[in-house]
There are 2 protein chains.
Amino acid sequence: MATGRTHRPATRSRGIPEATVARLPLYLRALTALSERSVPTVSSEELAAAAGVNSAKLRKDFSYLGSYGTRGVGYDVEYLVYQISRELGLTQDWPVVIVGIGNLGAALANYGGFASRGFRVAALIDADPEMAGKQVAGITVQHSDEMERIISDNGVSIGVITTPPGVAQQVCDRLVAAGVTSILNFAPTVLSVPDGVDVRKVDLSIELQILAFHEQRKAGEEAANALPDGAVPASVTRKESADKGPDGDVPAVMPA
Amino acid sequence: MATGRTHRPATRSRGIPEATVARLPLYLRALTALSERSVPTVSSEELAAAAGVNSAKLRKDFSYLGSYGTRGVGYDVEYLVYQISRELGLTQDWPVVIVGIGNLGAALANYGGFASRGFRVAALIDADPEMAGKQVAGITVQHSDEMERIISDNGVSIGVITTPPGVAQQVCDRLVAAGVTSILNFAPTVLSVPDGVDVRKVDLSIELQILAFHEQRKAGEEAANALPDGAVPASVTRKESADKGPDGDVPAVMPA
DNA sequence: CGATCTTTGTGCACGCGTTCACAAAGACAT
DNA sequence: ATGTCTTTGTGAACGCGTGCACAAAGATCG
(Lines give C-alpha, C1' and ligand atoms only; values in the text may rest on other atoms or scores of the structure.)
Protein backbone atom coordinates (compact mmCIF):
# COMPACT_ATOMS: atom_id res chain seq x y z
CA MET A 1 0.00 0.00 0.00
CA ALA A 2 2.55 2.46 0.91
CA THR A 3 4.02 3.45 -2.31
CA GLY A 4 6.12 0.86 -3.93
CA ARG A 5 9.47 2.25 -3.00
CA THR A 6 10.11 0.61 0.28
CA HIS A 7 13.84 0.52 0.42
CA ARG A 8 15.73 1.26 -2.71
CA PRO A 9 19.19 2.63 -3.35
CA ALA A 10 18.70 6.35 -3.55
CA THR A 11 20.93 6.43 -6.55
CA ARG A 12 18.45 4.61 -8.72
CA SER A 13 15.38 4.89 -6.58
CA ARG A 14 12.52 5.88 -8.82
CA GLY A 15 13.94 5.30 -12.23
CA ILE A 16 12.50 2.24 -13.85
CA PRO A 17 13.61 2.38 -17.49
CA GLU A 18 10.83 3.02 -19.93
CA ALA A 19 11.75 -0.08 -21.89
CA THR A 20 11.33 -2.15 -18.78
CA VAL A 21 7.95 -0.65 -17.99
CA ALA A 22 6.80 -1.57 -21.47
CA ARG A 23 7.69 -5.20 -20.84
CA LEU A 24 6.14 -5.56 -17.41
CA PRO A 25 2.65 -6.14 -18.85
CA LEU A 26 4.16 -8.90 -20.95
CA TYR A 27 5.62 -10.63 -17.93
CA LEU A 28 2.41 -10.11 -16.03
CA ARG A 29 0.42 -11.88 -18.70
CA ALA A 30 2.77 -14.85 -18.76
CA LEU A 31 2.75 -15.01 -14.98
CA THR A 32 -1.01 -14.86 -14.83
CA ALA A 33 -1.21 -17.83 -17.16
CA LEU A 34 1.19 -19.75 -14.91
CA SER A 35 -0.81 -18.74 -11.88
CA GLU A 36 -3.96 -20.14 -13.41
CA ARG A 37 -2.19 -23.42 -13.91
CA SER A 38 -1.18 -23.29 -10.25
CA VAL A 39 2.52 -23.28 -11.03
CA PRO A 40 4.24 -22.22 -7.79
CA THR A 41 7.60 -21.00 -9.05
CA VAL A 42 9.26 -20.22 -12.35
CA SER A 43 12.84 -19.63 -13.42
CA SER A 44 13.93 -16.60 -15.37
CA GLU A 45 14.66 -18.89 -18.28
CA GLU A 46 11.18 -20.37 -18.41
CA LEU A 47 9.39 -17.10 -17.87
CA ALA A 48 11.52 -15.37 -20.47
CA ALA A 49 10.60 -18.02 -23.00
CA ALA A 50 6.92 -17.61 -22.21
CA ALA A 51 7.14 -13.85 -22.57
CA GLY A 52 9.24 -14.05 -25.69
CA VAL A 53 12.29 -12.22 -24.36
CA ASN A 54 15.87 -12.88 -23.35
CA SER A 55 16.35 -14.26 -19.84
CA ALA A 56 19.14 -11.83 -18.97
CA LYS A 57 16.90 -8.96 -19.94
CA LEU A 58 14.11 -10.31 -17.81
CA ARG A 59 16.35 -10.64 -14.78
CA LYS A 60 17.64 -7.12 -15.23
CA ASP A 61 14.11 -5.83 -15.60
CA PHE A 62 13.10 -7.50 -12.35
CA SER A 63 16.18 -6.17 -10.63
CA TYR A 64 14.77 -2.68 -11.03
CA LEU A 65 11.76 -3.73 -9.00
CA GLY A 66 13.81 -5.32 -6.27
CA SER A 67 15.13 -8.74 -5.39
CA TYR A 68 12.04 -10.84 -5.64
CA GLY A 69 13.67 -14.09 -6.71
CA THR A 70 15.36 -16.90 -4.86
CA ARG A 71 18.68 -18.09 -6.18
CA GLY A 72 18.71 -21.70 -7.08
CA VAL A 73 14.93 -21.77 -7.27
CA GLY A 74 13.45 -18.96 -9.31
CA TYR A 75 10.56 -16.58 -8.73
CA ASP A 76 7.41 -17.14 -6.74
CA VAL A 77 4.64 -16.74 -9.28
CA GLU A 78 1.94 -15.34 -7.02
CA TYR A 79 4.28 -12.92 -5.33
CA LEU A 80 5.62 -11.65 -8.60
CA VAL A 81 2.13 -11.21 -10.04
CA TYR A 82 1.31 -9.04 -7.10
CA GLN A 83 4.51 -7.03 -7.20
CA ILE A 84 4.23 -6.27 -10.90
CA SER A 85 0.54 -5.46 -10.62
CA ARG A 86 1.30 -3.05 -7.85
CA GLU A 87 4.17 -1.48 -9.71
CA LEU A 88 1.99 -0.94 -12.76
CA GLY A 89 -0.77 0.47 -10.63
CA LEU A 90 -3.20 -2.29 -11.49
CA THR A 91 -4.21 -2.96 -7.94
CA GLN A 92 -6.48 0.01 -8.18
CA ASP A 93 -9.45 0.70 -10.38
CA TRP A 94 -8.93 2.96 -13.38
CA PRO A 95 -12.06 4.47 -14.84
CA VAL A 96 -11.65 5.11 -18.55
CA VAL A 97 -13.70 7.02 -21.09
CA ILE A 98 -13.80 6.18 -24.77
CA VAL A 99 -14.55 9.07 -27.08
CA GLY A 100 -15.74 8.35 -30.58
CA ILE A 101 -17.96 5.30 -30.76
CA GLY A 102 -17.48 4.11 -34.30
CA ASN A 103 -16.35 0.67 -35.31
CA LEU A 104 -13.12 0.91 -33.42
CA GLY A 105 -14.58 2.56 -30.36
CA ALA A 106 -17.22 -0.14 -30.16
CA ALA A 107 -14.59 -2.82 -30.57
CA LEU A 108 -12.63 -1.38 -27.68
CA ALA A 109 -15.74 -1.11 -25.53
CA ASN A 110 -16.26 -4.82 -26.09
CA TYR A 111 -12.63 -5.71 -25.53
CA GLY A 112 -12.34 -7.99 -22.54
CA GLY A 113 -8.71 -7.25 -21.93
CA PHE A 114 -9.54 -3.99 -20.22
CA ALA A 115 -11.79 -5.10 -17.42
CA SER A 116 -9.52 -8.01 -16.59
CA ARG A 117 -6.67 -5.67 -15.75
CA GLY A 118 -8.25 -3.13 -13.51
CA PHE A 119 -9.60 -0.86 -16.21
CA ARG A 120 -13.27 -0.01 -16.19
CA VAL A 121 -15.10 1.68 -19.02
CA ALA A 122 -16.75 4.53 -17.14
CA ALA A 123 -18.43 5.98 -20.20
CA LEU A 124 -18.75 5.92 -23.96
CA ILE A 125 -18.97 9.34 -25.54
CA ASP A 126 -19.88 10.40 -29.06
CA ALA A 127 -20.60 13.71 -30.73
CA ASP A 128 -23.38 12.31 -32.87
CA PRO A 129 -26.79 12.90 -31.26
CA GLU A 130 -27.99 9.80 -33.08
CA MET A 131 -25.58 7.68 -31.08
CA ALA A 132 -26.55 9.06 -27.69
CA GLY A 133 -28.76 6.66 -25.83
CA LYS A 134 -27.77 3.62 -27.82
CA GLN A 135 -26.34 0.64 -26.05
CA VAL A 136 -22.83 -0.50 -26.92
CA ALA A 137 -21.25 -3.34 -25.00
CA GLY A 138 -23.98 -2.94 -22.43
CA ILE A 139 -23.16 0.69 -21.83
CA THR A 140 -25.30 3.62 -22.85
CA VAL A 141 -23.53 6.03 -25.15
CA GLN A 142 -23.62 9.61 -23.95
CA HIS A 143 -23.37 12.82 -25.89
CA SER A 144 -20.13 14.74 -25.81
CA ASP A 145 -21.84 17.64 -24.09
CA GLU A 146 -21.65 15.50 -21.00
CA MET A 147 -17.93 14.92 -21.29
CA GLU A 148 -16.74 17.32 -18.63
CA ARG A 149 -19.34 16.22 -16.13
CA ILE A 150 -18.62 12.53 -16.69
CA ILE A 151 -14.90 12.96 -16.22
CA SER A 152 -15.35 15.02 -13.13
CA ASP A 153 -17.99 12.80 -11.53
CA ASN A 154 -16.07 9.60 -12.11
CA GLY A 155 -12.60 10.91 -11.44
CA VAL A 156 -11.46 9.78 -14.86
CA SER A 157 -7.79 10.32 -15.59
CA ILE A 158 -7.39 8.12 -18.66
CA GLY A 159 -9.09 8.83 -21.96
CA VAL A 160 -9.17 6.86 -25.20
CA ILE A 161 -9.64 8.75 -28.45
CA THR A 162 -11.17 6.86 -31.36
CA THR A 163 -12.60 9.77 -33.27
CA PRO A 164 -11.89 10.84 -36.85
CA PRO A 165 -8.55 12.67 -37.05
CA GLY A 166 -10.18 16.00 -37.75
CA VAL A 167 -11.64 16.37 -34.30
CA ALA A 168 -9.05 14.46 -32.29
CA GLN A 169 -7.17 17.55 -31.15
CA GLN A 170 -10.30 19.31 -29.94
CA VAL A 171 -11.43 16.23 -28.10
CA CYS A 172 -7.97 15.92 -26.62
CA ASP A 173 -8.03 19.53 -25.45
CA ARG A 174 -11.40 19.06 -23.79
CA LEU A 175 -10.29 15.85 -22.10
CA VAL A 176 -7.19 17.53 -20.73
CA ALA A 177 -9.08 20.60 -19.61
CA ALA A 178 -11.52 18.36 -17.80
CA GLY A 179 -8.74 16.64 -15.89
CA VAL A 180 -7.57 13.72 -17.99
CA THR A 181 -3.79 13.28 -17.77
CA SER A 182 -3.23 10.14 -19.85
CA ILE A 183 -4.45 9.62 -23.37
CA LEU A 184 -4.45 6.63 -25.67
CA ASN A 185 -4.84 7.97 -29.17
CA PHE A 186 -6.07 5.85 -32.07
CA ALA A 187 -6.71 8.78 -34.37
CA PRO A 188 -4.03 9.28 -37.02
CA THR A 189 -3.08 12.75 -35.85
CA VAL A 190 -0.33 14.47 -33.95
CA LEU A 191 -1.74 15.51 -30.62
CA SER A 192 -0.13 18.32 -28.73
CA VAL A 193 -0.64 18.34 -25.01
CA PRO A 194 0.71 20.34 -22.09
CA ASP A 195 3.51 19.01 -19.92
CA GLY A 196 2.41 16.43 -17.46
CA VAL A 197 0.03 14.75 -19.83
CA ASP A 198 1.06 11.42 -21.31
CA VAL A 199 0.04 10.40 -24.78
CA ARG A 200 0.48 7.01 -26.33
CA LYS A 201 -0.53 6.38 -29.88
CA VAL A 202 -1.64 3.28 -31.67
CA ASP A 203 -1.57 3.57 -35.42
CA LEU A 204 -2.78 0.63 -37.42
CA SER A 205 -1.71 2.03 -40.72
CA ILE A 206 1.84 2.67 -39.59
CA GLU A 207 2.27 -0.86 -38.36
CA LEU A 208 1.26 -2.17 -41.75
CA GLN A 209 3.61 0.20 -43.52
CA ILE A 210 6.52 -1.01 -41.44
CA LEU A 211 5.64 -4.57 -42.33
CA ALA A 212 5.45 -3.61 -45.98
CA PHE A 213 8.94 -2.18 -45.78
CA HIS A 214 10.39 -5.41 -44.46
CA GLU A 215 8.31 -7.42 -46.88
CA GLN A 216 9.72 -5.47 -49.76
CA ARG A 217 13.21 -5.86 -48.39
CA LYS A 218 12.76 -9.60 -48.15
CA ALA A 219 11.54 -9.77 -51.72
CA GLY A 220 14.50 -7.68 -52.78
CA GLU A 221 17.04 -9.87 -51.03
CA GLU A 222 15.47 -12.95 -52.49
CA ALA A 223 15.89 -11.56 -55.95
CA ALA A 224 19.43 -10.55 -55.12
CA ASN A 225 20.29 -14.02 -53.92
CA ALA A 226 19.45 -15.37 -57.32
CA LEU A 227 22.23 -13.26 -58.72
CA PRO A 228 25.95 -13.71 -58.31
CA ASP A 229 26.53 -12.06 -55.00
CA GLY A 230 28.70 -9.07 -54.58
CA ALA A 231 28.10 -7.19 -57.75
CA VAL A 232 25.12 -4.94 -58.00
CA PRO A 233 22.69 -6.20 -60.56
CA ALA A 234 23.74 -4.39 -63.67
CA SER A 235 20.35 -4.73 -65.23
CA VAL A 236 19.14 -2.00 -62.98
CA THR A 237 20.26 1.30 -64.30
CA ARG A 238 19.65 3.65 -61.47
CA LYS A 239 20.25 7.29 -61.55
CA GLU A 240 22.00 9.06 -58.76
CA SER A 241 20.10 7.32 -56.08
CA ALA A 242 22.57 5.87 -53.65
CA ASP A 243 22.69 2.14 -53.87
CA LYS A 244 19.30 0.89 -53.14
CA GLY A 245 18.25 -2.67 -53.39
CA PRO A 246 17.29 -4.35 -56.59
CA ASP A 247 13.78 -3.13 -56.60
CA GLY A 248 13.03 -1.15 -59.63
CA ASP A 249 11.12 2.05 -59.57
CA VAL A 250 7.84 0.50 -60.16
CA PRO A 251 4.97 2.72 -60.98
CA ALA A 252 5.64 6.37 -60.58
CA VAL A 253 2.03 7.11 -60.02
CA MET A 254 1.42 9.09 -56.94
CA PRO A 255 -1.75 10.89 -56.15
CA ALA A 256 -1.00 14.53 -56.26
CA MET B 1 4.77 1.72 -29.47
CA ALA B 2 3.70 -1.68 -30.16
CA THR B 3 6.37 -3.80 -31.50
CA GLY B 4 7.03 -7.41 -31.33
CA ARG B 5 9.97 -8.94 -32.94
CA THR B 6 10.88 -12.50 -32.64
CA HIS B 7 14.19 -12.46 -34.31
CA ARG B 8 16.62 -9.82 -35.32
CA PRO B 9 16.81 -9.22 -39.03
CA ALA B 10 20.39 -10.41 -38.85
CA THR B 11 20.95 -8.66 -42.11
CA ARG B 12 20.79 -4.93 -41.79
CA SER B 13 17.58 -3.56 -43.13
CA ARG B 14 19.18 -2.26 -46.24
CA GLY B 15 21.17 -0.05 -43.95
CA ILE B 16 18.20 1.97 -42.79
CA PRO B 17 17.88 1.93 -38.99
CA GLU B 18 14.74 0.37 -37.66
CA ALA B 19 13.91 3.51 -35.72
CA THR B 20 14.04 5.50 -38.92
CA VAL B 21 11.79 3.06 -40.76
CA ALA B 22 9.24 3.42 -37.99
CA ARG B 23 9.18 7.18 -38.51
CA LEU B 24 8.93 7.20 -42.29
CA PRO B 25 5.16 6.64 -42.25
CA LEU B 26 4.94 9.62 -39.94
CA TYR B 27 6.76 11.86 -42.36
CA LEU B 28 4.76 10.46 -45.23
CA ARG B 29 1.52 11.42 -43.58
CA ALA B 30 2.67 14.95 -42.90
CA LEU B 31 3.97 15.27 -46.44
CA THR B 32 0.74 13.98 -47.91
CA ALA B 33 -1.15 16.64 -46.01
CA LEU B 34 1.19 19.29 -47.39
CA SER B 35 0.82 17.85 -50.84
CA GLU B 36 -2.94 18.16 -50.64
CA ARG B 37 -2.52 21.80 -49.78
CA SER B 38 -0.28 22.14 -52.81
CA VAL B 39 2.71 23.21 -50.77
CA PRO B 40 5.71 22.86 -53.10
CA THR B 41 8.60 22.69 -50.65
CA VAL B 42 9.09 22.32 -46.94
CA SER B 43 12.03 22.82 -44.60
CA SER B 44 13.19 20.19 -42.17
CA GLU B 45 12.10 22.46 -39.37
CA GLU B 46 8.54 22.80 -40.61
CA LEU B 47 8.14 19.17 -41.50
CA ALA B 48 9.60 18.07 -38.21
CA ALA B 49 7.08 20.20 -36.37
CA ALA B 50 4.24 18.71 -38.38
CA ALA B 51 5.44 15.20 -37.69
CA GLY B 52 6.12 15.91 -34.05
CA VAL B 53 9.82 15.13 -34.08
CA ASN B 54 13.17 16.88 -33.78
CA SER B 55 14.42 18.51 -36.98
CA ALA B 56 17.94 17.11 -36.63
CA LYS B 57 16.48 13.64 -36.32
CA LEU B 58 14.38 14.16 -39.39
CA ARG B 59 17.34 15.30 -41.45
CA LYS B 60 19.38 12.34 -40.30
CA ASP B 61 16.53 10.01 -41.15
CA PHE B 62 16.31 11.43 -44.65
CA SER B 63 20.06 11.20 -45.05
CA TYR B 64 19.71 7.43 -44.95
CA LEU B 65 17.49 7.59 -47.99
CA GLY B 66 19.79 9.88 -49.91
CA SER B 67 20.25 13.56 -50.46
CA TYR B 68 16.80 14.59 -51.49
CA GLY B 69 16.90 18.11 -50.15
CA THR B 70 18.20 21.40 -51.45
CA ARG B 71 20.26 23.51 -49.10
CA GLY B 72 18.86 26.90 -48.56
CA VAL B 73 15.45 25.77 -49.74
CA GLY B 74 14.26 22.56 -48.19
CA TYR B 75 12.65 19.44 -49.57
CA ASP B 76 10.42 19.08 -52.61
CA VAL B 77 7.19 17.74 -51.19
CA GLU B 78 6.06 15.68 -54.16
CA TYR B 79 9.43 14.18 -54.75
CA LEU B 80 9.83 13.24 -51.12
CA VAL B 81 6.38 11.69 -50.98
CA TYR B 82 7.35 9.50 -53.88
CA GLN B 83 10.74 8.55 -52.49
CA ILE B 84 9.38 7.58 -49.09
CA SER B 85 6.49 5.71 -50.63
CA ARG B 86 8.88 3.76 -52.75
CA GLU B 87 11.20 3.06 -49.87
CA LEU B 88 8.34 1.76 -47.79
CA GLY B 89 7.10 -0.33 -50.67
CA LEU B 90 3.82 1.50 -50.91
CA THR B 91 3.99 2.00 -54.64
CA GLN B 92 2.83 -1.53 -55.03
CA ASP B 93 -0.38 -3.21 -54.01
CA TRP B 94 -0.33 -5.34 -50.86
CA PRO B 95 -3.17 -7.81 -50.55
CA VAL B 96 -3.96 -8.45 -46.89
CA VAL B 97 -6.11 -11.02 -45.14
CA ILE B 98 -7.79 -10.42 -41.81
CA VAL B 99 -8.41 -13.52 -39.73
CA GLY B 100 -10.97 -13.38 -36.96
CA ILE B 101 -13.91 -11.18 -37.78
CA GLY B 102 -15.10 -10.10 -34.37
CA ASN B 103 -15.54 -6.53 -33.26
CA LEU B 104 -11.95 -5.64 -33.86
CA GLY B 105 -11.64 -7.52 -37.13
CA ALA B 106 -14.71 -5.75 -38.44
CA ALA B 107 -13.35 -2.41 -37.32
CA LEU B 108 -10.14 -3.03 -39.21
CA ALA B 109 -12.02 -4.14 -42.31
CA ASN B 110 -13.76 -0.80 -42.26
CA TYR B 111 -10.62 1.15 -41.57
CA GLY B 112 -9.97 3.52 -44.41
CA GLY B 113 -6.33 3.97 -43.58
CA PHE B 114 -5.45 0.72 -45.25
CA ALA B 115 -6.70 1.26 -48.74
CA SER B 116 -5.28 4.75 -48.85
CA ARG B 117 -1.75 3.42 -48.53
CA GLY B 118 -1.61 0.60 -50.99
CA PHE B 119 -3.10 -2.04 -48.75
CA ARG B 120 -6.08 -3.98 -50.03
CA VAL B 121 -8.21 -6.28 -47.93
CA ALA B 122 -8.13 -9.40 -50.07
CA ALA B 123 -10.28 -11.45 -47.74
CA LEU B 124 -11.94 -11.66 -44.36
CA ILE B 125 -11.66 -15.06 -42.73
CA ASP B 126 -13.44 -16.52 -39.73
CA ALA B 127 -13.66 -19.97 -38.19
CA ASP B 128 -17.31 -19.60 -37.30
CA PRO B 129 -19.57 -21.15 -39.98
CA GLU B 130 -22.21 -18.65 -38.93
CA MET B 131 -20.02 -15.80 -40.08
CA ALA B 132 -19.21 -17.24 -43.47
CA GLY B 133 -21.23 -15.56 -46.17
CA LYS B 134 -21.98 -12.46 -44.16
CA GLN B 135 -20.98 -9.09 -45.51
CA VAL B 136 -18.55 -6.97 -43.53
CA ALA B 137 -17.33 -3.70 -44.95
CA GLY B 138 -18.67 -4.78 -48.29
CA ILE B 139 -16.63 -7.96 -48.30
CA THR B 140 -18.01 -11.45 -47.91
CA VAL B 141 -16.56 -13.31 -44.96
CA GLN B 142 -15.10 -16.68 -45.86
CA HIS B 143 -14.61 -19.75 -43.74
CA SER B 144 -11.14 -20.57 -42.51
CA ASP B 145 -11.15 -23.78 -44.53
CA GLU B 146 -10.52 -21.53 -47.50
CA MET B 147 -7.51 -19.84 -45.91
CA GLU B 148 -4.75 -21.63 -47.79
CA ARG B 149 -6.48 -21.27 -51.14
CA ILE B 150 -7.18 -17.58 -50.63
CA ILE B 151 -3.60 -16.81 -49.68
CA SER B 152 -2.24 -18.74 -52.59
CA ASP B 153 -4.66 -17.38 -55.16
CA ASN B 154 -4.15 -13.77 -54.16
CA GLY B 155 -0.46 -13.92 -53.44
CA VAL B 156 -1.04 -12.65 -49.93
CA SER B 157 2.10 -12.08 -47.89
CA ILE B 158 0.66 -10.01 -45.04
CA GLY B 159 -1.83 -11.35 -42.54
CA VAL B 160 -3.67 -9.66 -39.70
CA ILE B 161 -4.70 -11.76 -36.72
CA THR B 162 -7.69 -10.56 -34.70
CA THR B 163 -8.76 -13.87 -33.23
CA PRO B 164 -9.12 -14.82 -29.59
CA PRO B 165 -5.70 -15.54 -28.05
CA GLY B 166 -6.36 -19.24 -27.75
CA VAL B 167 -6.28 -19.89 -31.47
CA ALA B 168 -3.85 -17.18 -32.54
CA GLN B 169 -0.83 -19.49 -32.70
CA GLN B 170 -2.62 -22.07 -34.83
CA VAL B 171 -3.89 -19.40 -37.16
CA CYS B 172 -0.39 -17.98 -37.32
CA ASP B 173 1.08 -21.37 -38.17
CA ARG B 174 -1.42 -21.88 -40.96
CA LEU B 175 -0.81 -18.42 -42.37
CA VAL B 176 2.93 -18.98 -42.40
CA ALA B 177 2.60 -22.45 -43.89
CA ALA B 178 0.43 -20.98 -46.62
CA GLY B 179 3.06 -18.40 -47.51
CA VAL B 180 2.44 -15.35 -45.35
CA THR B 181 5.70 -13.77 -44.21
CA SER B 182 4.50 -10.71 -42.30
CA ILE B 183 1.98 -10.76 -39.50
CA LEU B 184 0.24 -8.02 -37.58
CA ASN B 185 -0.98 -9.57 -34.36
CA PHE B 186 -3.76 -8.07 -32.27
CA ALA B 187 -4.26 -11.14 -30.13
CA PRO B 188 -2.70 -10.86 -26.68
CA THR B 189 -0.33 -13.76 -27.21
CA VAL B 190 3.33 -14.28 -27.95
CA LEU B 191 3.55 -15.78 -31.41
CA SER B 192 6.48 -17.93 -32.36
CA VAL B 193 7.36 -17.96 -36.01
CA PRO B 194 10.21 -19.32 -38.10
CA ASP B 195 13.07 -17.13 -39.22
CA GLY B 196 12.24 -14.84 -42.06
CA VAL B 197 8.76 -14.08 -40.82
CA ASP B 198 8.14 -10.68 -39.28
CA VAL B 199 5.66 -10.19 -36.52
CA ARG B 200 4.46 -6.90 -35.14
CA LYS B 201 2.01 -6.81 -32.33
CA VAL B 202 -0.51 -4.28 -31.22
CA ASP B 203 -1.70 -4.81 -27.71
CA LEU B 204 -4.42 -2.51 -26.49
CA SER B 205 -4.26 -3.76 -22.95
CA ILE B 206 -0.52 -3.23 -22.69
CA GLU B 207 -0.78 0.35 -23.85
CA LEU B 208 -3.29 1.08 -21.12
CA GLN B 209 -1.14 -0.59 -18.51
CA ILE B 210 1.81 1.57 -19.46
CA LEU B 211 -0.37 4.65 -19.11
CA ALA B 212 -1.56 3.41 -15.74
CA PHE B 213 2.04 3.12 -14.58
CA HIS B 214 2.80 6.72 -15.45
CA GLU B 215 -0.51 7.83 -14.04
CA GLN B 216 0.29 6.19 -10.75
CA ARG B 217 3.76 7.67 -10.80
CA LYS B 218 2.32 11.12 -11.29
CA ALA B 219 -0.06 10.62 -8.40
CA GLY B 220 2.76 9.27 -6.26
CA GLU B 221 5.04 12.19 -6.92
CA GLU B 222 2.29 14.58 -6.08
CA ALA B 223 1.85 12.88 -2.73
CA ALA B 224 5.60 12.62 -2.29
CA ASN B 225 5.98 16.36 -2.55
CA ALA B 226 4.58 16.50 0.94
CA LEU B 227 6.85 13.74 2.13
CA PRO B 228 10.26 14.12 3.76
CA ASP B 229 11.39 10.85 2.24
CA GLY B 230 14.62 10.55 0.35
CA ALA B 231 15.61 13.22 -2.03
CA VAL B 232 13.87 12.50 -5.26
CA PRO B 233 12.13 15.75 -5.88
CA ALA B 234 13.62 17.62 -8.75
CA SER B 235 13.75 14.57 -10.95
CA VAL B 236 10.22 15.35 -11.93
CA THR B 237 11.33 17.08 -15.05
CA ARG B 238 12.07 13.69 -16.45
CA LYS B 239 9.37 13.95 -19.06
CA GLU B 240 10.04 11.35 -21.62
CA SER B 241 7.85 12.69 -24.32
CA ALA B 242 9.39 10.09 -26.51
CA ASP B 243 6.31 9.91 -28.60
CA LYS B 244 4.52 13.12 -28.41
CA GLY B 245 3.37 11.81 -31.27
CA PRO B 246 1.54 11.64 -33.99
CA ASP B 247 1.14 9.46 -36.59
CA GLY B 248 -1.77 8.71 -38.19
CA ASP B 249 -3.16 8.24 -41.41
CA VAL B 250 -5.54 10.16 -43.31
CA PRO B 251 -8.93 8.66 -43.12
CA ALA B 252 -10.43 7.06 -40.18
CA VAL B 253 -12.93 4.47 -39.58
CA MET B 254 -15.45 6.17 -37.60
CA PRO B 255 -18.82 7.02 -38.93
CA ALA B 256 -19.22 10.64 -38.57
C1' DC C 1 30.66 37.95 -59.60
C1' DG C 2 31.04 38.18 -54.89
C1' DA C 3 28.73 38.67 -50.43
C1' DT C 4 25.32 37.16 -47.51
C1' DC C 5 21.77 34.36 -45.94
C1' DT C 6 19.34 30.03 -45.46
C1' DT C 7 19.06 25.21 -44.77
C1' DT C 8 20.87 20.76 -45.49
C1' DG C 9 23.88 16.89 -44.30
C1' DT C 10 26.85 14.88 -40.91
C1' DG C 11 30.86 14.14 -37.52
C1' DC C 12 30.86 13.60 -32.77
C1' DA C 13 29.61 12.87 -28.12
C1' DC C 14 26.39 11.17 -24.97
C1' DG C 15 22.99 8.24 -22.83
C1' DC C 16 19.94 4.35 -22.88
C1' DG C 17 19.14 -0.40 -23.55
C1' DT C 18 20.89 -4.99 -24.48
C1' DT C 19 23.82 -8.76 -23.78
C1' DC C 20 27.54 -11.30 -21.77
C1' DA C 21 29.64 -13.53 -18.21
C1' DC C 22 30.36 -14.45 -13.55
C1' DA C 23 30.38 -14.01 -8.55
C1' DA C 24 27.15 -14.43 -4.85
C1' DA C 25 23.36 -16.70 -2.70
C1' DG C 26 20.57 -20.11 -1.54
C1' DA C 27 18.82 -25.16 -1.93
C1' DC C 28 19.88 -29.75 -1.36
C1' DA C 29 22.46 -33.95 -0.52
C1' DT C 30 25.77 -36.30 2.13
C1' DA D 1 28.97 -28.69 8.19
C1' DT D 2 30.66 -29.01 3.93
C1' DG D 3 30.40 -29.51 -0.85
C1' DT D 4 27.91 -29.34 -5.05
C1' DC D 5 24.50 -27.62 -7.99
C1' DT D 6 21.24 -24.33 -9.60
C1' DT D 7 19.76 -19.79 -10.56
C1' DT D 8 19.68 -15.03 -9.44
C1' DG D 9 21.51 -10.34 -9.57
C1' DT D 10 24.71 -7.24 -11.65
C1' DG D 11 29.22 -5.07 -13.29
C1' DA D 12 30.97 -4.07 -17.60
C1' DA D 13 31.24 -3.85 -22.54
C1' DC D 14 28.95 -2.89 -26.60
C1' DG D 15 25.80 -1.00 -30.01
C1' DC D 16 22.09 1.88 -31.36
C1' DG D 17 19.63 6.08 -31.41
C1' DT D 18 19.51 10.99 -30.32
C1' DG D 19 20.79 15.72 -30.32
C1' DC D 20 24.30 19.28 -30.90
C1' DA D 21 26.82 22.11 -33.56
C1' DC D 22 28.90 23.39 -37.68
C1' DA D 23 30.87 23.23 -42.29
C1' DA D 24 29.32 22.77 -46.93
C1' DA D 25 26.09 23.81 -50.54
C1' DG D 26 23.01 26.27 -52.81
C1' DA D 27 19.84 30.40 -53.34
C1' DT D 28 19.34 35.24 -53.57
C1' DC D 29 20.60 39.90 -53.90
C1' DG D 30 23.32 43.88 -54.97
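Visitor: What makes the three strands β1-β3-β2 of chain B an open sheet with antiparallel pairing?

Guide: The strand order is β1-β3-β2 in chain B, paired antiparallel. β1 (41–42) and β2 of chain B sit at the edges with a single partner strand each, so one side of each has no neighbour in the sheet. Strands here are DSSP runs of E, at least two residues, and helices are runs of H or I, at least four, numbered from the N terminus. By the way, this is a predicted model: local features need pLDDT of at least 70, side-chain atom pairs need 80 or more, and totals for chains, interfaces and linings use all residues. Side-chain values use heavy atoms, without hydrogens or water.

Visitor: How do you know that β1(B) and β3(B) pair?

Guide: Two strands pair if DSSP finds at least two bridges between them. β1(B) and β3(B) have two bridges, in the antiparallel sense, so they pass that cut-off. Val42(B), for instance, has Tyr75(B) as its bridge partner in β3(B).

Visitor: Why is Ser44(B) said to make a polar contact with a phosphate oxygen of DNA strand C?

Guide: A polar contact is a pair of N or O atoms within 3.5 Å; within protein, one must be able to donate a hydrogen and the other to accept it, and sequence-adjacent residues count only if both atoms are side-chain atoms. A backbone N or O atom of Ser44(B) is 2.5 Å from the phosphate oxygen, so the pair qualifies. Lys57(A) also has a polar side-chain atom 3.4 Å from a phosphate oxygen of DNA strand C.

Key
Residues are numbered from 1 along each chain as its sequence is written. Chains are lettered from A and ligands numbered from 1 in the order in which they are written.
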